[in-house]
Amino acid sequence: MDVRVINDLVQKQSAFVDKLTAEVGKVIVGQKPMIERILIGLLTGGHVLLEGVPGLAKTLTVKTLADALQMRFSRVQFTPDLLPADIVGTVIYNQARSEFISKKGPIFANLVLADEINRAPAKVQSALLEAMQERQVTIGDTTHPLPSPFLVMATQNPIEQEGTYALPEAQLDRFMLMIKVGYPSKEDERAIMDRMTSGVRLSAEPVATPEEIAEARSVVGQVYIDEKIRDYIVALVHATREPKAHGLGAMADFIAFGASPRASIYLNLAARAHAFLRHRGYVTPEDIKAIGVDVLRHRVILTYEAEADEVTTETVIRKLFEHVEVP
């Protein structure tokens, strides 16, 4: 398909984006990067992991998006005594009908917020991650498909806090994006305080439907991505595995494990969605740079040496972007 045709199609299909952003902005002050990245997850079917201290409007943002998109929302508070059945559901006996019936859990929603995922033990995390991967759940002998669209947004407190179970690398890899949520600016915080103490309950009006999101998803898959940009993505991911080959010998001591092939796939998809949100039918290197840190952050594993020298994953990834040649 011609790039101009795709461009026109994207401009038409992405018309709801500005209305959606404005509607969510009525409730949420600031946090635009977080909102944008949740939308990228929705448009590509990729799950999102948010890391930040409590009180940064993570839950409110997802709930507001669900209202604006007319989607079913459910929130699961992860605790150390949670069981897999508390998420996926269980089989109960109906005495009146003398039969076993499936009782579906909170995972059966379009937007599922897994709050403080790192507070639950491994078997609960793996039950959730299986549902994320397979997009279906088995309760008893019956397999139930999950609704579409389906997006898990998990939040976690910074790992150093007590009473948490760190997510294993293999589970982290299932998340398309990992977003670090920061504190608001002074001006935003003043606006948040005034809004939340005004006594007026704010909520978002519906501006789009799940069907429109499904249509937008198919268009995102058609966004044009040039051969050179595909090579650029692969070069970036490859540089996390073999930094010396890309003139980054100094970084070799800091990287224990590079990113998996999922990183290349997710960078490609996320860049297309990033272009779509800007009403563009083609990907530029700037799209890769804008979303790259969030895709790679949890996939590049650092050595003890890096931790000792207080080198962060973000520092390593930014160095890669500086050294890998842009097409």
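Helix H6 covers residues 122-134; helices (H or I, at least four residues) and strands (E, at least two) are DSSP runs numbered from the N terminus. The expected span of a helix is 1.5 Å times one less than its number of residues, so the 13 residues of H6 should span 18 Å, and the end C-alpha atoms are indeed 18 Å apart. This is a predicted model, in which local features need pLDDT of at least 70, side-chain atom pairs count only at pLDDT 80 or more, and totals for chains, interfaces and linings use all residues. Residues are numbered from 1 along each chain as its sequence is written, and side-chain values use heavy atoms, leaving out hydrogens and water.

Buried residues of H6 (under 20% relative accessible area, 1.4 Å probe, protein chains only) include Val124, Leu128 and Met132. The buried residues of this helix pack against helices H5 and H7 and strands S5, S6 and S8. After H6 comes arginine 135, with a positive phi near 55°.

Nonpolar side chains tend to be buried together in soluble globular proteins. A nonpolar core is a set of buried Ala, Val, Leu, Ile, Met, Phe, Trp, Tyr and Cys residues joined through side-chain atoms within 4.5 Å. The largest one here has 66 residues, and Leu20 is among those with the most contacts inside it. Helix H11 (residues 261-277) supplies the largest share of this core, 9 residues. A second, separate core has 28 residues, including Leu49 and Val137. Beyond its neighbours within four places in sequence, leucine 20 is in contact (heavy atoms within 4.5 Å) with Leu39, Leu65, Ala68, Leu69 and Val207.

Methods. Buried means under 20% relative accessible area, exposed over 50%, partly exposed in between (1.4 Å probe, protein chains only).
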